[in-house]
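Good morning, and thank you for coming. I shall speak about one protein structure today, and I ask that you keep it in view as we proceed.

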Amino acid sequence: MSASHRSSLSNALALALLALGLAACAGTNFNNPFSTSPEAPSPSQQTPLLPPAFPPQDIVGRWGLAAYHKDEDRPRIELAAASQCKQPYVITLGPNGGVMMHLADQAKPEELRLKGAPGNKTFIGPDGEPGSAQDREVVAFDGRVLILRWMDSEVQGRYGTMVYVRCGPEGAQRPKPKGKTAAKPKAAPRPVQPPIQQAPPPPQR
């Protein structure tokens, strides 16, 4: 066999081995070198759904509603929300254990869920992952005042942070405190004047 022929066979064998090596690398899982199947892509990480900080029943009722855009306005807006109890915002239980509330730019209420999330956070919104665009985060809730912030920055910019202040029965204002009032002084009795005596008639002659 000539040298040129042997050289051609060597080159062909080298190319074949190179091709086999590239094919093996393409099918190798580097996390498991003994596996030739490609590694499946990991699913996107989602926020786990946890129990909310309070049950839906705790926010059922009648609320005065207002909103603020600056945190320093919060005390003033809480007072403004309390004054809206003449026309309260009503939250009721939904048929499936949620609460009936409005989403942004919707005229009719729909059933929303209370969704817990890591960090002791609670969100109110439709079914799905907590913290979604249509959700509102519970900023604060003490039983009397509920403060919600929209997750959608555009909606938050338009509506502001929502302040709900619980109303009394039938949305009436709180009754004035009952206390003893000072008794009015009695008028002094008028002095009794003696009857006027008429002079006797002169004697007749």
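I shall begin with the overall picture and then turn to particular residues.

Please note at the outset that this is a predicted model. The protein contains three helices and eight strands. Read from the N terminus, these elements follow the order α-β-α-β-β-β-β-β-β-α-β. The protein has 205 residues, and 26% of them count as buried. Its accessible surface amounts to about 15500 Å², with 57% of that belonging to carbon and sulfur atoms. As for contacts with a separation of 6 or more, 48% are made by residues 24 or more positions apart.

Let us now consider the covalent link between side chains. How many disulfides does the structure hold? The structure holds one, and it joins Cys85 to Cys167, with a distance of 2.0 Å from S to S. The link of Cys85 and Cys167 is left-handed, with -90° about the S-S bond. Which parts of the chain does this pair tie together? Cys85 belongs to the loop between helix 2, residues 74-82, and strand 2, residues 89-93, while Cys167 is in the segment after strand 8, residues 161-166; the pair therefore ties together parts that are 82 residues apart in sequence. Are these two cysteines buried or exposed? Cys85 has a relative accessibility of 8%, and because buried means under 20%, Cys85 counts as buried. By that cut-off Cys167 is also buried, with a relative accessible area of 11%.

I turn next to the aromatic rings. A search of the whole structure yields four aromatic pairs. I shall describe two of them, beginning with Trp63 and Tyr164. The ring centres of Trp63 and Tyr164 lie 6.4 Å apart and the planes stand at 90°, so this pair is edge-to-face. Trp63 is in strand 1, residues 61-68, and Tyr164 is in strand 8, so the pair links parts of the chain 101 residues apart. Tyr164 also pairs with Tyr89, again edge-to-face, at 5.8 Å from centre to centre and with 65° between the planes. Here Tyr89 in strand 2 is linked to Tyr164 in strand 8, 75 residues apart. Trp63 and Tyr164 are both buried, and Tyr89 is buried as well. Together, Trp63, Tyr89 and Tyr164 form one aromatic cluster.

Another aromatic residue, Trp150, has a charged partner. The charged end of Arg136 sits over the ring of Trp150, at 4.3 Å from the ring centre. Trp150 also appears among the contacts of Gln156, and this leads us to helix 3.

Gln156 lies in helix 3, which spans residues 153-159. With a relative accessible area of 16%, Gln156 is buried. Its side chain makes a polar contact of 2.9 Å with the side chain of Thr161. If we set aside neighbours within four places in sequence, Gln156 is in contact with His69, Arg149, Trp150 and Thr161.

A second polar residue that is buried is Glu111, at 18% relative accessibility. Glu111 is found in strand 4, residues 110-117. What does the side chain of Glu111 reach? A polar atom of this side chain lies 2.9 Å from the backbone nitrogen of Asn96, and the side chain reaches the backbone nitrogen of Gly97 at 3.2 Å. Beyond residues up to four places away in sequence, Glu111 touches Gly94, Pro95, Asn96, Gly97, Gly98, Val99 and Met100. The C-alpha atoms of Glu111 and Gly94 are separated by 5.5 Å, although these residues are 17 apart along the chain.

Finally, I should like to mention two features of the backbone. Most residues other than glycine have a negative phi. Asp105, however, has a positive phi, near 65°. Asp105 lies in the loop between strand 3, residues 99-101, and strand 4. Asn120 likewise has a positive phi, near 60°, and its place is in the loop between strand 4 and strand 5, residues 121-125. Are these two residues buried or exposed? Asp105 is exposed, with a relative accessible area of 53%, and Asn120 counts as exposed at 69%.

To close, I would ask you to locate on the model the disulfide between Cys85 and Cys167, and then the aromatic cluster of Trp63, Tyr89 and Tyr164. Thank you for your attention.

Definitions and conventions: Residues numbered from 1 in each chain as written. Predicted model: local features only at pLDDT ≥ 70, side-chain atom pairs only at ≥ 80, totals over all residues. Heavy atoms only, no water. Helix = DSSP H or I, 4+ residues; strand = E, 2+ residues; numbered from the N terminus. Buried < 20%, exposed > 50% of the residue type's maximum accessible area, 1.4 Å probe, protein only. Polar contact = N/O pair within 3.5 Å; in protein donor to acceptor, adjacent residues only side chain to side chain. Contact = heavy atoms within 4.5 Å. Disulfide = S-S within 2.5 Å. Phe/Tyr/Trp six-rings, centres within 6.5 Å; stacked < 30°, edge-to-face > 60°. Lys NZ or Arg CZ within 6 Å of the ring centre and 35° of its normal. Areas by Shrake-Rupley, 256 points an atom, 1.4 Å probe, with all protein chains shown as cover.
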